[in-house]
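Q: I am a first-year student and would like a close look at one helix in this model and at the pockets beside it. Please also go through a few of the salt bridges afterwards.

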Amino acid sequence: MTTTIALITGANKGIGLATARQLGARGMTVLLGARDETRGREAERTLRAEGVDARFVSLDVTDEKSAAAVAELVEREYGHLDVLVNNAGIVRADGTALPSETTLATLREVYETNVFGVVAVTNALLPLLRRAPAARIVNVSSEVGSIAVMTDPRGALFELTSVPYPSSKTALNMITAMYAKELRDTPIRVNAANPGYCATDLNHHSGFRTPEQGAEVSVHLATLPADGPSGLLWGYQMDAGGGYGVLPW
Ligand SMILES: NC(=O)c1ccc[n+]([C@@H]2O[C@H](COP(=O)([O-])OP(=O)(O)OC[C@H]3O[C@@H](n4cnc5c(N)ncnc54)[C@H](OP(=O)(O)O)[C@@H]3O)[C@@H](O)[C@H]2O)c1
């Protein structure tokens, strides 16, 4: 039987680590993408101690050479990739987080990771994903990337005005939809995940969900059946009172 190989970016902590743990518990070999070797090896040790077939791979998503090196490693050692979870992400806000006070430096920094990084990693790995019987690509997005959710005056997020992070996830949503279109005649399914507001370093642990709960969303999309959907933003629905489902773009 061929081993199922999953690559998770930003897998050394938070939702990424929990996603690797859950995919590993399903018997997958999980490649833990991390930009820092010490943190990546620590995560590898943690998951291995739990019985997961985990392997640290050095991956800074803002560095195309790093993405190419991971693709070479996967090609050499496994010959294909079944699951890619584009999970790495950062938040930055300028001052009072008003659009009028947004700096291009912050915008560029956030887009380098949350937007350009996803395209770089996906394009580097796509030839290997095409070689899998039915690959899954999961782009970890957010409901703050949904224009419909963010502009609903009755919604919980209406007061948020920050530009860099939300707009980076809006771009990621469109990127997801476009890859899904390009790949619609293949067995590959491409979806965006909304983990919900989870307590991680990203938000100084202010989230009301756990990283494990957030990871459930990525795992669901990473293990969709052959007739599963493609090109959706799916996950936690805060404005619908919790539960999982399709969110509006
Ligand atoms: N937490 C939430 O409430 C929430 C809600 C919606 C969506 N999300 C999304 O979920 C994803 C995971 O976030 P999280 O909450 O788990 O945050 P986190 O605990 O801060 O983890 C972020 C991960 O991304 C990695 N990373 C950042 N820049 C990177 C780069 N250039 N190359 C490789 N890895 C990089 C970090 O590595 P280092 O340790 O080296 O920094 C870390 O492993 C993100 O895409 C985030 O936008 C989170």
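A: What follows takes one helix, then the pockets, then the salt bridges. The model is a predicted one, and the part chosen for the close look is helix H6, residues 164–182.

Start with the length of the helix. H6 has 19 residues, and at 1.5 Å a residue it should span 27 Å. The expected span is 1.5 Å times one less than the number of residues, because the steps are counted between residues. The end C-alpha atoms of H6 are 27 Å apart, so the model agrees with the expected value.

Next, consider which residues of H6 are buried. A residue counts as buried when its relative accessible area is under 20%. In H6 the buried residues include Pro 164, Tyr 165, Pro 166, Ser 168 and Lys 169. Further along the helix, Leu 172, Asn 173, Ile 175, Thr 176, Ala 177, Tyr 179 and Ala 180 are buried as well. An α-helix has 3.6 residues a turn, so residues three or four places apart point the same way. Several other elements cover the buried residues of H6, among them helix H4 (104–130), helix H5 (147–150) and strand E5 (136–140). Strands E6 and E7 (233–236) are also part of that cover.

H6 also takes part in the pockets. The largest pocket has a volume of about 1,300 Å³. It is lined by 48 residues, and those closest to its centre are Gly 89, Ile 90, Val 91, Tyr 165 and Leu 202. H1, strand E2 (29–34) and H6 are the elements that give two or more residues to this lining. By class, the lining of the largest pocket holds 20 nonpolar, 19 polar and nine charged residues.

The second largest pocket has a volume of about 180 Å³. Of its 14 lining residues, Val 144, Met 150, Ser 162, Pro 166 and Ser 167 are the closest to the centre. H5 and H6 are the elements that give two or more residues to this lining. The largest share, three residues, comes from H6. The lining of the second largest pocket divides into seven nonpolar and seven polar residues, with no charged ones.

Now the salt bridges. The whole structure contains 13 of them. In one, Lys 13 pairs with Asp 201, with the closest N and O atoms 3.0 Å apart. Lys 13 lies in the loop between strand E1 (5–8) and helix H1 (14–25), and Asp 201 in the loop between strand E6 (189–194) and helix H7 (211–222), so the pair ties together parts that are 188 residues apart in sequence. Lys 13 is partly exposed, at 45% relative accessible area, and Asp 201 is partly exposed at 44%.

Another salt bridge joins Glu 50 and Arg 21, at 2.7 Å from N to O. Glu 50 is in the loop between helix H2 (37–49) and strand E3 (54–58), while Arg 21 is in helix H1, 29 residues apart. Glu 50 is partly exposed at 43%, and Arg 21 is partly exposed at 24%.

A third example lies within one helix. Glu 37 and Arg 41 form a salt bridge, their closest N and O atoms being 3.0 Å apart. Both are in helix H2, four residues apart, or about one turn of the helix. Salt bridges that share partners also join Arg 21, Glu 50 and Glu 212 into one network.

Methods: Residues are numbered from 1 along each chain as its sequence is written. This is a predicted model: local features need pLDDT of at least 70, side-chain atom pairs count only at pLDDT 80 or more; totals for chains, interfaces and linings use all residues. Side-chain values use heavy atoms; hydrogens and water are left out. A salt bridge is a side-chain nitrogen of Lys or Arg within 4 Å of a carboxyl oxygen of Asp or Glu. Buried means under 20% relative accessible area, exposed over 50%, partly exposed in between (1.4 Å probe, protein chains only). Contact means heavy atoms within 4.5 Å. On a 1 Å grid over the protein atoms alone, a cavity is a set of points where a 1.4 Å probe fits but cannot get out, and a pocket is an open set with protein on both sides within 12 Å along at least five of seven lines; lining residues have an atom within 4 Å of a point. Grid points are joined across faces, edges and corners, and a volume is the space filled by probe spheres set on the points. Ala, Val, Leu, Ile, Met, Phe, Trp, Tyr, Cys and Pro count as nonpolar, Asp, Glu, Lys and Arg as charged, and the others, Gly among them, as polar.
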